[in-house]
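Here's a quick tour of one protein model, going from the whole chain down to a couple of residues. Have the viewer open while you read.

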Amino acid sequence: MQIEVVKSKIHRVTVTGADLNYIGSITIDEALMEASNIIEGEKVQIVNINNGERLETYAIKGAKNSGEITLNGPAARKVQRGDIIIIISYGIMDFEEAKNFKPSLIFPNEKNNTLT
């Protein structure tokens, strides 16, 4: 049996932009992507703490160490600059493997920088 489990999580980052006219996705600072083990093009869930919205999109790299978190395309209607969000990705694995799997969880600071 296979189950879906949390693979990666960027907990409580601040939205820096919302670009309705872009074709879609979420732009994430490359350093945050690396730290959380999220790759470009990966499906992610966005949870907006400010308004309760939940949506799915895919990740694209932003400039490294920029702190950028921009929702693009239709997703831009679900957030405002300054909102706090959680970015989550999931993986599918065997049930027994999942019991020992440890997700990549990061808790950036208020400037969307990874903590060391």
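What percentage of the 116 residues of the protein count as buried? The figure is 45%. Keep in mind that this is a predicted model, and every value here is computed from it.

## Overall fold

Let's start with the secondary structure. The protein has 8 strands and 2 helices. Walk along the sequence and you get β-β-β-α-β-β-β-β-α-β. The radius of gyration comes out at 14 Å, close to the 13 Å from the globule rule for 116 residues, so the protein is as compact as a globular protein of that length.

If you're after the overall dimensions, the C-alpha atoms fill a box of roughly 40 × 30 × 25 Å along the principal axes. Contacts reach a long way along the chain: take the pairs at least 6 apart in sequence, and 81% of those contacts join residues at least 24 apart.

## Surface and charge

On the outside, the protein exposes about 6,700 Å². Carbon and sulfur atoms supply 48% of that area.

As for charges, there are 13 positive and 15 negative ones. Average the positions of each set, and the two mean points sit 5 Å apart.

## N72, in strand 6

Now for a residue with little exposure. N72 belongs to strand 6, which covers residues 69–72. Is N72 buried or exposed? Its relative accessibility is 3%, and buried means under 20%, so N72 counts as buried.

What does the side chain of N72 make a polar contact with? The partner is the side chain of T27, at 3.0 Å. T27 also turns up among the residues that N72 touches, leaving out those up to four places away in sequence; the others are D19, Y22, G24, S25, I26 and I60.

## T14, in strand 1

Over to another strand. T14 lies in strand 1, which runs over residues 2–14. With a relative accessible area of 23%, T14 is partly exposed.

Which residues does T14 touch, if you skip those up to four places away in sequence? They are I69, G82, D83, I84, E110 and N112. For a C-alpha distance to check in the viewer, try T14 and R81: these two are 67 residues apart along the chain, and their C-alpha atoms are separated by 7.7 Å.

Methods:
Residues are numbered from 1 along each chain as its sequence is written. This is a predicted model: local features need pLDDT of at least 70, side-chain atom pairs count only at pLDDT 80 or more; totals for chains, interfaces and linings use all residues. Side-chain values use heavy atoms; hydrogens and water are left out. Helices (H or I, at least four residues) and strands (E, at least two) are DSSP runs, numbered from the N terminus. The radius of gyration is taken over C-alpha atoms; the globule rule is 2.2 Å times the number of residues to the power 0.38. Buried means under 20% relative accessible area, exposed over 50%, partly exposed in between (1.4 Å probe, protein chains only). Contact means heavy atoms within 4.5 Å. Accessible areas come from the Shrake-Rupley method with a 1.4 Å probe; for residues, only the protein chains shown count as cover. Lys and Arg count as positive and Asp and Glu as negative; His and the chain ends are not counted. The place of a charge is taken as NZ of Lys, CZ of Arg, CG of Asp or CD of Glu. A polar contact is a pair of N or O atoms within 3.5 Å; within protein, one must be able to donate a hydrogen and the other to accept it, and residues adjacent in sequence count only if both atoms are side-chain atoms.
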